Amino acid sequence: MNKNLKYFHTEQNTQGIILIHPSTTDSNTNELDQLEEFIDIALFYLGKPDIKGIIYQNLLSTKETDYKAIYTIASDSDIFEKRLSFLLSKIPDLQQLKPVISIIQNDCEGLSMAAALWGSRRIATREARLGFSEARYGLFPGFGATVLTSRLLDPEKAVSFLTQGTILTAVQAQEAGLIDQVVVDLTEALESAQQYILQNPVLQVKTSPLPINIEAFEASAALIKKRNHGLIPGIDHCLQMIRDARELSLRDALIQEAQHYTKVWNSQEALSMLRTQYYGIREAIRPDTSTGFELKKLGVIGAGMMGSGIAYESARAGIDVFLKDVDLAQASKGKAYSEKVCNKLVQLGIMTENAQHQLLEYIHPTDQMADLENTDLIIEAVFEDKVLKAEVTTESLPYLNEKGFFASNTTSLPISELASVSSKPENFIGMHFFSPVDRMALVEIIRGSKTSDDTLKKALQVARQFGKIPIVVYDGPAFFTSRIFFNYLLEAITMLLEGIPANDIELQARSAGFAVGPLAVLDEISLSLMLHVYDQLPALHSSQKRCYNYLTKLVTAGRNGRKTGKGFYDYDSVTGKKTIWQDPEITEADHLPDGEQIRKRLLHVMSLDSFRCLNEGVLQHPVDGDIGSVLGIGYAVHTGGVFGHIDQVGLRDFVNECQAFAEFGEQWKIPPALLQLADRNFSFYSGFDSNWK
């Protein structure tokens, strides 16, 4: 048998047990081909009278799933579905004849974990971490994973596990019922597997339909559906398969899964999400050590929410950080923020008290600028005021070491202007962290007109060292994320002033896939902050002026947002519960637009301005815009981002729809370059590859 094998080799011990191992580490191997060969080998040996059972581990030679290869195969949906159905239809035979035991080591996710479930028994070593991340990328766990998991776990537990991308420790997986045994190491796993095979020559695995608590399942599924609004096909198909896995026979359910899996792979949403959430982010976090730079000492100026969060991330990365504020009490309050975050992690069992103590030791509160002496990097995180930032920059720059660089944490102030106070503007850059820093993964790195390549590389290295996902943008009014975010808010207020009810705007924003409605967001950041950002812009067009005047009126009336107890929502001072507020001075429009138009206006206006950013050179690559819009400002995840959205709509249709919205304001003016691209039927991506120049 071994002579004809391409991907595996087998060993037979003296007790009649077969061990199957991968025979290649070639990352270019086709995973579907590999799994087809494995199951044929296994069934061949299970049919031999002298074989008592099979043990296998790490079937796939690479730890990470090659989604691009699967996408290529799945694009021929008929052939892919037939191959996958035929493969999965053999799994019941694999589980019925004799014991087949999978051993799980280290990290085991995606297709590797799916293959591990094919066995009739699963043993994991103590350090193993396992699960399925597919839901994060618009897919659902395939190759039998959803069906087999749903037959091992209670359906309501399977809903959470399969649709949330949860990764479990070996012990957690055993407690859930996903694996059967946890052992210390591989040696013990092999011994335990052999012993089990010898003691259990006949299997009693049930392949008929299983009971299901429909009420409990539907309750769990309803929570997921509410969160996703039916916008992500992978989630919807997964929920259907969890139910089918219990109500159908094992074989029928597996064939059904192959059909659903093929449909999802051929959806726009899966391609867009994979491109951004998987490949885009992987490229963004890929290390680059070519600078030779090492961050050992960081100075953070400003111990407010942003500065405190940056200090926490630095300490979490094992870097000494000196947190400077005007007085020691304020600086110490900043350190207390990190202690609060750690306390919560300790309570949840995510962090030990010893780890908390070690982390806090890295944070040094101070009111003395001299304590920043010989720092490798200084990040100023003071209030968004040009004069204040210039003052602290000028005072702190002398304390940088010779190879150090300076970063401003700002949402919208021009980096080139802020850098003008430095004698070495090439060593000055923007690093826009998002709030709360300990939970938001994105960092927008802003290159000024004189920022050097070396400084850019150092800033990217620091962001990655902090465990963040960086995107690079170039200097311009409000950069990228803030700029398009404020267009989202602008469009909502424009619609409000047109007489569209506030509740309709909020409802349709969430239905479009936005994480939070625009009016709720405005209340959280405060209306006065949007006014402050508008004050920094070189000029306002008439739509922005209308918005500015209306916000000024509300702030003057005391409706500045959550902090003042009222804004676009009213907040109960006791319970904190909010209710939407409808301005009585605004008359409802005689003819209200349908929900689809509201959704399109909110999605399109951000994508249109994103193109302006790309065309103007604020963005260099569409994928940076996609990552930034989804991770930074909660753009609809199913689109893959602002440029993924345009591709899903189709550029010609997108332009036509934007032109139809021209009556609503200057924000809908179409750049000539976009009209030219629409004439060519341009798309920003072909599959996973960018078409942008």
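Helices, of at least four residues, and strands, of at least two, are DSSP runs, and they are numbered from the N terminus. The structure shown in every view is a predicted model.

**Figure 1. The protein chain is assigned domain 1, domain 2 and domain 3.** Domain 1 covers residues 6-265, domain 2 covers 295-475, and domain 3 covers 480-688. The centres of domain 1 and domain 3, taken over C-alpha atoms, lie 43 Å apart. Contact between these two domains involves five residues of domain 1 and eight residues of domain 3.

**Figure 2. Six strands make up an open sheet.** The order of the strands is E1-E2-E3-E4-E6-E9, and their pairing is mixed. Strand E1 (8-12) and strand E9 (181-183) each have a single partner strand, so one side of each is left without a neighbour in the sheet. From one strand to the next, the twist averages 25 degrees. At the E1 edge, strand E1 runs antiparallel to strand E2 (residues 17-22), and five bridges join the two. Within this pairing, Glu 11 has Leu 19 of E2 as its bridge partner.

**Figure 3. Helix H9 lies across strands of the six-stranded sheet.** Helix H9 comprises residues 186-199. The strands that it crosses are E2, strand E3 (53-57), strand E4 (100-104), strand E6 (121-125) and E9. The direction of helix H9 is at about 160 degrees to that of E3. Strand E3 also borders the loop that holds Asn 58, and helix H2 (67-74) stands at the other end of that loop. The phi angle of Asn 58 is near 45 degrees, which is a positive value in a residue other than glycine.

**Figure 4. Eight strands make up another open sheet.** The strands follow the order E12-E11-E10-E13-E14-E15-E16-E17, with mixed pairing. Strand E12 (363-366) and strand E17 are the edge strands, and each pairs on one side only. The twist between one strand and the next averages 25 degrees. Strand E16 (residues 442-447) and strand E17 pair in the parallel sense, with six bridges. In this pair, Arg 447 stands opposite Tyr 474 of E17. Helix H26 packs on the sheet and touches both E16 and E17. The direction of helix H26 makes about 120 degrees with that of E17.

**Figure 5. A cis peptide bond joins Ser 435 to Pro 436.** The omega angle of this bond is near -5 degrees. Pro 436 belongs to the loop between strand E15 (428-433) and strand E16. Ser 435 is also one of the residues touched by Met 306.

**Figure 6. Met 306 is set in helix H14.** Helix H14 spans residues 305-316. Leaving aside residues up to four places away in sequence, Met 306 touches Ala 381, Asn 409, Phe 433, Phe 434, Ser 435 and Val 437. Met 306 and Cys 342 are separated by 36 residues in sequence and, from C-alpha to C-alpha, by 17 Å in space.

**Figure 7. The second largest pocket has a volume of about 660 Å³.** The pocket is lined by 29 residues, and the closest to its centre are Glu 283, Ala 284, His 621, Val 623 and Asp 624. Two or more lining residues come from each of helix H13 (268-284), helix H19 (453-465), strand E17 (469-474), helix H26 (622-633) and strand E21 (689-690). The lining consists of 14 nonpolar, five polar and ten charged residues. Domain 2 (295-475) and domain 3 (480-688) each supply at least three residues to the lining. Strand E17 and helix H26, both of which contribute to this lining, are also in contact with each other in the view of the eight-stranded sheet.

Definitions and conventions. Residues numbered from 1 in each chain as written. Predicted model: local features only at pLDDT ≥ 70, side-chain atom pairs only at ≥ 80, totals over all residues. Heavy atoms only, no water. 1 Å grid on protein atoms, 1.4 Å probe; cavity = no way out; pocket = protein on both sides within 12 Å on 5 of 7 lines; lining within 4 Å. Points joined across faces, edges and corners; volume = space filled by probe spheres on them. Nonpolar A, V, L, I, M, F, W, Y, C, P; charged D, E, K, R; others polar. Domains from an automatic or database assignment. Pairing = 2+ DSSP bridges. Axes fitted to C-alpha atoms, helices over the stretch in contact; angles between N-to-C directions. Contact = heavy atoms within 4.5 Å.
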